[in-house]
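Trainee: Could you walk me through one part of this model in detail, starting from a single residue and working outwards?

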Amino acid sequence: MKFHHHGYVSENPRNKPAAGVGIDRQPGLPDEMDVLIVGSGPAGMMTAAQLSVFPEIRTHIIDRRPSRLELGHADGIQARTVETFEAFGFGREIVAEAYRITETAFWKPNPENTDEIVRTAITEDDPYDLSEFEHIIVNQARVLDYFVEFMADQPTKMAPDYGYEFIGLTVGDGEYPVTVDLLVTAGPDEGKTRTVRAKYVLGADGARSKVREAIGATHQGKISYHAWGVADVVAKTDFPDIRLKSIINSPKGNILHIPREGGFLFRSYVDLGEVPEDDNREIRKTPLDEIIRRANEIMAPYTLDVQDVAWWSVYEVGHRVTDRFDDVADGDEGFPRVFIAGDACHTHSAKAGQGMNVSMQDGFNLGWKLAQVLRGYSSERLLRTYTQERQKIAQDLIDFDLEWSSRMAGADDGESIEEFYVRTAEFPAGFMTQYQPGLLVSAEAKQELATGYPLGKRFKSARAVRRADANPIHIGHEHRADGRWRIYVFADGAHPTTPSPVDGFAAWLGGDPSSPLVRCTKPGQEPDSVFDIKVIYQQAHHAFEVTDAPSVFRPEVGPFRVEDWGQVYGVMADEDIFDLRGISRDGAVIVVRPDMYVAHIAALEDTASLARFFDPIFDLS
């Protein structure tokens with residue numbers, strides 16, 4: 001974390017001074033704004049938090065509830081999401097209060113007595129070392145709290161506006177083309193209506209999204225007529241894996257058992273069996289006592305004596321994805337003004353733990369793109385990439401969840417559920433997302449220069465030694481949700497004091513008119529305001545000085561124009577990042593998007609391909 005370069009800071013450095021729209025920010029909803037977000041769930045909050053960073057963008061997030069969510073129904077947080085939380089600065093903090101999943105136990109019928117279950121396997125949660133981040137369980141309400149705290153610390157001083165329900169919208173012309181009608185649901189004006197105008201609107205208003213309905217987007221998919229009861233409870237029990245994630249299959253049904261944070265609470269998804277198509281949701285009237293009875297029947301010879309119930313419900317599994325994620329119908333020429341995210345776009349079972357995670361990645365994908373357009377760096381065509389990228393991810397999720405739900409319900413194709421669980425571990429961990437070549441992923445990338453950084457996938461961090469202070473740093477953990485692009489320059493093998501290709505690249509980056517750094521940094525802006533540039537040398541950190549690095553890697557920042565020496569790295573003696581991530585010893589340049597996905601890989605000498613990649617992105621024509 002960097003501070004003091006604007007002057008001494010004696011208080012919490014995470015709490016940034018109010019700036020731009022945050023200065024004298026008044027409570028309540030204004031008549032006009034840049035972005036209106038409908039729904040303060042995970043997708044909406046992620047987008048709002050990303051936009052709260054930018055002082056020049058007026059964003060408001062509304063919710064029909066009168067106040068913060070007290071009891072969230074989602075709780076699984078995959079490692080990719082914790083990695084994202086780290087970019088927002090609270091990854092370590094939320095892990096400290098969460099339940100961490102490290103193993104999963106599998107229980108099946110005892111061959112000697114099929115009326116009873118026995119443990120048949122225990123698997124590692126991350127058998128392939130996919131991430132240094134944890135897979136955790138924490139209540140959705142606490143996740144939203146962390147985003148609220150983050151927003152309050154940003155220059156915009158954003159906070160959710162509770163007590164507003166979305167009624168409808170129309171899209172017209174003018175500076176604020178989206179007109180939105182709202183119903184006040186709390187406070188002295190309860191029952192009254194309001195009309196506001198926005199440049200862009202995001203509907204993150206759940207599976208029954210009114211925003212989705214307003215733009216004419218439709219769910220594609222079906223209900224699977226298989227019901228589950230779910231309950232968060234505290235219970236007396238002799239089940240030995242009560243504090244371990246467990247998958248229980250028995251002739252009498254199935255259970256997915258998830259321990260919760262705090263050491264005592266747990267959640268159980270209890271199989272209620274197939275439901276007739278003409279059931280008309282009668283299954284949802286199943287009482288809690290029946291769910292508990294079924295759980296005890298499935299878990300025999302073990303028992304649950306429930307002492308307290310925090311929440312419970314009954315649902316049928318639905319698998320749907322929306323035909324588009326914005327208001328531009330297929331074949332239309334225009335640019336989107338209204339978007340949808342999260343459950344408004346995709347619904348599926350809860351048992352794979354994907355809903356909240358994929359929803360937040362929707363918001364992360366969209367947030368920086370809106371910011372780049374609103375801040376005047378890109379044309380509106382950038383916003384068309386949101387549906388292009390996220391709709392495929394949603395469909396992949398539905399396809400995976402269909403198979404996972406089928407196996408949880410007892411389907412058997414010869415592969416055991418534990419074998420399937422291990423084989424597909426990358427997907428539920430959040431690391432299967434791979435964006436295809438297009439505007440934001442280069443078709444010219446040289447994958448052979450960095451085989452450990454697959455193009456279009458998230459940048460998997462590794463450690464290097466920061467030369468200035470000799471600290472080993474996970475370079476990916478320095479990525480912040482600040483809208484900046486990352487350019488990682490992996491040097492050739494020459495000593496930093498010897499002229500080499502990295503020096504030629506640095507000269508181009510810092511001085512050539514075709515360089516994105518030169519072309520895209522606006523007059524008066526800090527040199528690192530758009531691009532965060534790091535150089536990693538092949539030498540150990542004691543073999544050279546920070547000042548041996550070209551000046552473009554030591555940008556002068558703040559009113560005192562002091563050099564930032566935190567961008568220059570050497571390799572670790574026992575963990576060489578070049579070997580670990582398959583980076584060419586001739587050097588390579590890796591470009592990473594603001595949402596942490598690898599966008600381009602080029603040779604140090606191939607500056608032309610970098611210019612060609614960035615030119616259409618930073619295009620206002």
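**V138 and its surroundings**

Mentor: With a relative accessibility of 0%, V138 is classed as buried (under 20% relative accessible area; over 50% is exposed and anything in between is partly exposed, using a 1.4 Å probe and protein chains only). Keep in mind that this is a predicted model, in which local features need pLDDT of at least 70 and side-chain atom pairs count only at pLDDT 80 or more, while totals for chains, interfaces and linings use all residues. Residues are numbered from 1 along each chain as its sequence is written, and side-chain values use heavy atoms, with hydrogens and water left out.

V138 sits in the loop that links strand 7 (135-137) with helix 4 (140-153); helices (H or I, at least four residues) and strands (E, at least two) are DSSP runs numbered from the N terminus. Who surrounds V138? Setting aside neighbours within four places in sequence, its contacts are A74, D75, I77, I94, E97, A98, V143, R260 and E261 (contact means heavy atoms within 4.5 Å).

Now look at the strand just before the loop. Strand 7 has the middle place in an open three-stranded sheet of order 3-7-4, paired in the antiparallel sense. Strand 3 (76-77) and strand 4 (99-101) are the edges; each has a single partner strand, so one side of each lacks a neighbour in the sheet. Strands count as paired if DSSP finds at least two bridges between them, and strand 3 is joined to strand 7 by two. Across that antiparallel pair, G76 stands opposite I137. I77 of strand 3 (76-77) is also one of the contacts of V138.

A little further along the chain comes helix 2 (residues 79-87), where nine of the nine residues are buried. Polar and charged residues are on that list too: R80, T81, E83, T84 and E86 are included, alongside A79, V82, F85 and A87. What do these buried residues pack against? Their partners are helix 1 (42-51), strand 3, helix 3 (91-97), strand 7, helix 4 and helix 7. After helix 2 comes G89, with a positive phi near 90°.

Helix 7 leads us to the wider interior. In soluble globular proteins, nonpolar side chains tend to be buried together. The largest nonpolar core here has 117 residues, and F147, W485, F531 and F553 touch the most other members; such a core is a set of buried Ala, Val, Leu, Ile, Met, Phe, Trp, Tyr and Cys residues joined through side-chain atoms within 4.5 Å. Helix 7 (residues 355-374) gives the largest share of this core, eight residues. A second core, separate from that one, has 45 residues, among them A231, I242, V275 and M299.

Two members of the 117-residue core deserve a closer look. F531, beyond its neighbours within four places in sequence, contacts R484, W485, I487, P516, L517, C520, F614 and F618. For W485, the C-alpha atom lies 30 Å from that of V138, and the two residues are 347 apart along the chain.

To recap the starting point, V138 is buried at 0% relative accessibility, in the loop between strand 7 and helix 4. The strand before that loop is paired with strand 3 through two antiparallel bridges, and both strand 7 and strand 3 are among the elements against which the buried residues of helix 2 pack.
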